[in-house]
Amino acid sequence: MDPHFVDLNSAYDFEKIKKRLAKKLDAHRYEHSIGVAYTAAALAMAHDEDMIKAYTAGLLHDCAKCLDEEERERACRKYKVELTEMEKEFPFLIHSKLGAVLAKEKYGIEDPEILSSIRYHTTGKPEMTKLEAIIFSADFIEPNRKPLQCLPPIRKIIYTDLDKAVYLILKQTLIHLEHKGQPVDENSQLAIEYYKRFA
Ligand SMILES: [Fe+2]
Ligand SMILES: [Fe+2]
């Protein structure tokens with residue numbers, strides 16, 4: 001079925017998803033999630049990707065972001081989420097991996113492509129699928145983001161050159177981490193190695 005002809009409200013019960021999400025996220029994170037959902041849908045339109053999957057993944061990508069430490073640890077134990085040393089040291093990274101688990105367990109999303117794009121939305125990875133690249137990028141460019149200098153040129157090219165936009169976002173992320181004195185996750189390192197061919 002052509003995703004451009006699917007009624008957005010026929011695929012999943014988005015009202016129910018949004019209601020639950022609004023309870024689990026703070027107001028700022030909820031607005032950001034709506035922004036990512038619509039940005040991802042627009043990118044899907046431009047790049048012949050499934051609009052519904054992009055909207056759903058965008059909506060849920062940060063569903064585990066506002067858990068407190070205790071809730072996070074409990075959820076990781078319950079769903080047997082194994083953490084890397086890097087995730088133990090920088091727990092904010094866990095929300096991607098745990099988000100994919102909660103999207104399935106709590107929001108009923110079974111689609112492996114949606115779950116994987118939630119899983120890798122923070123770090124990226126080499127050779128992302130179109131949907132993974134869309135969610136990774138929509139997270140960075142959605143309209144509620146703080147106006148950074150790097151954003152206008154990325155927003156301008158992303159509808160025609162998604163790979164180059166991914167490269168520019170990874171580069172910007174690395175600059176930001178360096179500035180904060182934080183190490184770079186292995187997936188992001190491998191991703192920038194791969195995406196620099198699109199620079
Ligand atoms: Fe996130
Ligand atoms: Fe996000």
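**Two iron ions and a pocket in a predicted model**

Both His61 and Asp139 are buried (under 20% relative accessible area; exposed is over 50%, partly exposed in between; 1.4 Å probe, protein chains only). They are among the protein donors of the iron ion (ligand 2). This is a predicted model: local features need pLDDT of at least 70, side-chain atom pairs count only at pLDDT 80 or more, and totals for chains, interfaces and linings use all residues. Residues are numbered from 1 along each chain as its sequence is written, chains are lettered from A and ligands numbered from 1 in the order written, and side-chain values use heavy atoms, without hydrogens and water.

**Iron ion (ligand 2)**

- The protein donors are His32 (NE2), His61 (NE2), Asp62 (OD) and Asp139 (OD), 2.2 to 2.3 Å from the ion.
- Donors are N, O and S atoms within 2.8 Å of the metal (3.2 Å for Na, K and Ca); water is not among the atoms, so sites may look incomplete.
- The four donor atoms make angles of 81 to 174°, and the site is irregular.
- Four donors count as tetrahedral if all angles lie between 85 and 135 degrees; four count as square planar and six as octahedral if opposite donors are over 155 degrees apart and all others between 65 and 115; anything else is irregular.
- Along the sequence, the donor residues follow H-x28-H-D-x76-D.
- The pair His61 and Asp139 links distant parts of the chain, 78 residues apart: His61 sits in the loop between helix H4 (51-60) and helix H5 (69-78), Asp139 in helix H9 (residues 130-141).
- Helices (H or I, at least four residues) and strands (E, at least two) are DSSP runs, numbered from the N terminus.

**Iron ion (ligand 1) and the bridge**

- Asp62 (OD), His95 (NE2) and His121 (NE2) are the protein donors here, lying 2.1 Å from the ion.
- Their spacing along the chain is D-x32-H-x25-H.
- Asp62 bridges the iron ion (ligand 1) and the iron ion (ligand 2), which are 3.4 Å apart.
- Asp62, in the loop between H4 and H5, and His95, in helix H7, are 33 residues apart and link distant parts of the chain.
- Asp62 counts as buried because its relative accessibility is 2%.
- His95 is also buried, at 5%.

**Asp111**

- Asp111 lies in the loop between helix H7 (94-105) and helix H8 (112-119).
- Its relative accessible area is 15%, so Asp111 is buried.
- A polar atom of its side chain lies 2.7 Å from the backbone nitrogen of Glu113.
- Leaving out residues up to four places away in sequence, Asp111 touches Tyr12 and Lys53 (contact means heavy atoms within 4.5 Å).

**Positive phi**

- Most residues other than glycine have a negative phi.
- Lys80 is not a glycine, yet has a positive phi of about 50°.
- Lys80 sits in the loop between H5 and helix H6 (85-89), and is exposed at 70% relative accessible area.
- Glu127 has a positive phi near 45°.
- Glu127 is in the loop between H8 and H9, and counts as exposed at 56% relative accessibility.

**Largest pocket**

- The volume is about 910 Å³ (the space filled by probe spheres set on grid points, which are joined across faces, edges and corners).
- Of the 30 lining residues, Phe92, Phe140, Arg145, Thr173 and His176 are the closest to the centre.
- On a 1 Å grid over the protein atoms alone, a pocket is an open set of points where a 1.4 Å probe fits, with protein on both sides within 12 Å along at least five of seven lines; lining residues have an atom within 4 Å of a point.
- Helix H11 (162-180) and H9 each supply at least two lining residues.
- H11 gives the largest share, seven residues.

Methods:
A polar contact is a pair of N or O atoms within 3.5 Å; within protein, one must be able to donate a hydrogen and the other to accept it, and residues adjacent in sequence count only if both atoms are side-chain atoms.
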